[in-house]
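Please keep the sequence and the 3D view open side by side while reading. The text moves from sheets to helices and ends on a single residue.

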Amino acid sequence: MKKIINDPANVVAESLRGLAAAHSDVLRVQYDPDVVVRADAPVAGKVAVISGGGSGHEPLHGGFVGPGMLAAAVPGAVFTSPTPDAVQAAVTATTGDAGALLIVKNYTGDVLNFETAAELAAAEGLDVRSVVIDDDVAVKDSTYTAGRRGVGGTVLLEKLTGAAAERGDSLDAVTALAQKVIGQVRSIGVALTAPTVPHAGTPSFDLGDGEIEFGIGIHGEPGRERIPLEPADALVARMVEAVVTDLPFASGDRVLLFTNSMGGTPLVELYLAHGIAERLLAERGIVVERRLVGPYITSLEMQGMSLTLLKLDDELTELWDAPVNTPALRWGR
């Protein structure tokens with residue numbers, strides 16, 4: 001295993017110290033339990049949008065803390081759900097009279113621990129809601145889940161709900177918006193190589209040089225099938241077909257296309273794939289109005305990519321364009 005680390009047991013804590021040093025203009029880090037908090041939190045009169053999950057998916061979630069997006073992020077150990085006390089600490093640090101919305105990816109540990117934290121916060125008199133995102137079209141159930149996994153759509157959900165909270169929407173309105181987004185976003189991912197978790201020291205699974213795992217999750221969970229390596233045109237067409245037919249998306253739909261690197265795929269390949277996806281969607285009459293390309297929800301150093309499609313309307317487009325100032329997303333400010 002070759003990684004730029006010290007003790008594998010301290011990877012997350014040391015990474016958080018670096019995050020805090022690099023981005024003190026927008027966030028701060030609380031330790032024991034570890035929580036990444038917006039620098040000016042709590043913000044009076046604004047709903048606190050909070051998310052989190054296992055580390056190893058950076059910049060998700062800590063990289064999206066700041067004005068226009070998350071009030072706090074709760075990082076667990078690598079590929080491990082954060083504990084309820086850490087989630088509760090995030091709620092306490094950021095939540096005022098306007099309440100909080102917890103965004104939870106559909107993994108069993110995340111769902112249980114965030115639900116427990118919401119109950120503890122409610123006992124303290126705080127108004128806390130939660131939504132569960134399950135945008136992965138690859139499989140119905142997986143290693144870590146009951147039901148579909150939460151994957152790339154999480155990034156878009158955090159941006160859109162964060163923008164709604166920033167403009168002063170009520171907790172009811174932000175929650176309703178979150179449910180709307182969850183109903184209109186779909187994703188699929190593929191892996192060319194496996195990630196290596198620092199404390200494990202070996203790749204999470206075996207994948208031959210001539211093989212692709214089609215439909216993986218962000219922890220490297222198995223997907224729909226293992227297929228032979230194929231040219232980008234064929235692979236992206238297979239991915240677009242899986243996503244478009246699931247909602248389904250139809251001719252005339254306005255969409256945001258998110259082309260994501262799983263950590264090890266370089267931008268030269270990612271932009272190549274994005275261009276193919278845009279062409280294929282145009283051939284179907286689907287109008288790509290907004291785009292996001294880059295490594296925004298990763299799986300350590302996994303070589304691979306995911307495609308996410310969100311059906312847009314005027315409100316969602318306005319919220320996407322709204323100013324945001326976080327380590328990983330910055331525009332309009």
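What follows is a walk through a predicted model, beginning with its sheets.

Start with the sheet that contains strand 1. Six strands make up this open sheet, in the order 1-2-4-3-5-6, and their pairing is mixed. Its edge strands are strand 1 (27-30) and strand 6, each of which pairs on one side only. Between neighbouring strands of this sheet the average turn is 20 degrees, direction ignored. At the strand 1 edge, strand 1 and strand 2 (residues 35-38) run antiparallel and are joined by four bridges. Within this pairing, Leu 27 has Arg 38 in strand 2 as its bridge partner. Helix 5 packs on the sheet and touches strand 3, strand 5 and strand 6; the direction of helix 5 makes about 5 degrees with that of strand 6.

Next comes the sheet that contains strand 9. This open sheet also has six strands, in the order 9-8-7-12-10-11, with mixed pairing. Strand 9 (225-228) and strand 11 (287-294) stand at its edges; each has a single partner strand, so one side of each lacks a neighbour in the sheet. Here the neighbouring strands are turned by 20 degrees against each other on average, direction ignored. Strand 10 (residues 254-261) pairs with strand 11 in the parallel sense, over seven bridges. One position to look at is Val 255, which stands opposite Val 288 in strand 11. Helix 5 (residues 171-183) packs on this sheet, touching strand 7 (185-191) and strand 12 (304-311), and its direction makes about 55 degrees with that of strand 7. Helix 5 therefore appears in both descriptions: it touches strand 3, strand 5 and strand 6, and it touches strand 7 and strand 12.

Now turn to helix 3. The 16 residues of helix 3 (residues 108-123) should span 22 Å at 1.5 Å a residue, and the end C-alpha atoms are 23 Å apart, which agrees. Which residues of helix 3 are buried? They are Asp 110, Val 111, Asn 113, Phe 114, Ala 117, Ala 118 and Ala 121. An α-helix has 3.6 residues a turn, so residues three or four places apart point the same way. The cover over the buried residues of helix 3 includes strand 3 (48-55), helix 2 (84-94), strand 5 (100-105) and strand 6 (128-133). After helix 3 comes Gly 125, which has a positive phi near 90 degrees.

The last stop is a pair of helices. Two packed helices are described by the angle between their axes and the distance between the axes. Helix 4 (residues 153-166) packs against helix 8 (residues 314-321) at an angle of about 90 degrees, and their axes are 8 Å apart. At that angle, helix 4 is roughly perpendicular to helix 8. From helix 4, Leu 156, Lys 159, Leu 160, Ala 163 and Ala 164 meet Leu 316, Leu 319 and Trp 320 of helix 8. Of the residues in this contact, seven are nonpolar, none is polar and one is charged.

Within this contact, consider Leu 319, which lies in helix 8. Is Leu 319 buried or exposed? Its relative accessibility is 1%, so Leu 319 counts as buried. Leaving out residues up to four places away in sequence, Leu 319 touches Lys 159, Leu 160, Ala 163, Ala 164, Arg 167 and Leu 177. Leu 319 and Ala 164 are 155 residues apart along the chain, and their C-alpha atoms are separated by 6.7 Å.

Conventions: Residues numbered from 1 in each chain as written. Predicted model: local features only at pLDDT ≥ 70, side-chain atom pairs only at ≥ 80, totals over all residues. Heavy atoms only, no water. Axes fitted to C-alpha atoms, helices over the stretch in contact; angles between N-to-C directions. Helix = DSSP H or I, 4+ residues; strand = E, 2+ residues; numbered from the N terminus. Parallel < 35°, antiparallel > 145°, perpendicular 65-115°, else oblique. Contact = heavy atoms within 4.5 Å. Nonpolar A, V, L, I, M, F, W, Y, C, P; charged D, E, K, R; others polar. Expected span 1.5 Å × (residues − 1). Buried < 20%, exposed > 50% of the residue type's maximum accessible area, 1.4 Å probe, protein only. Pairing = 2+ DSSP bridges.
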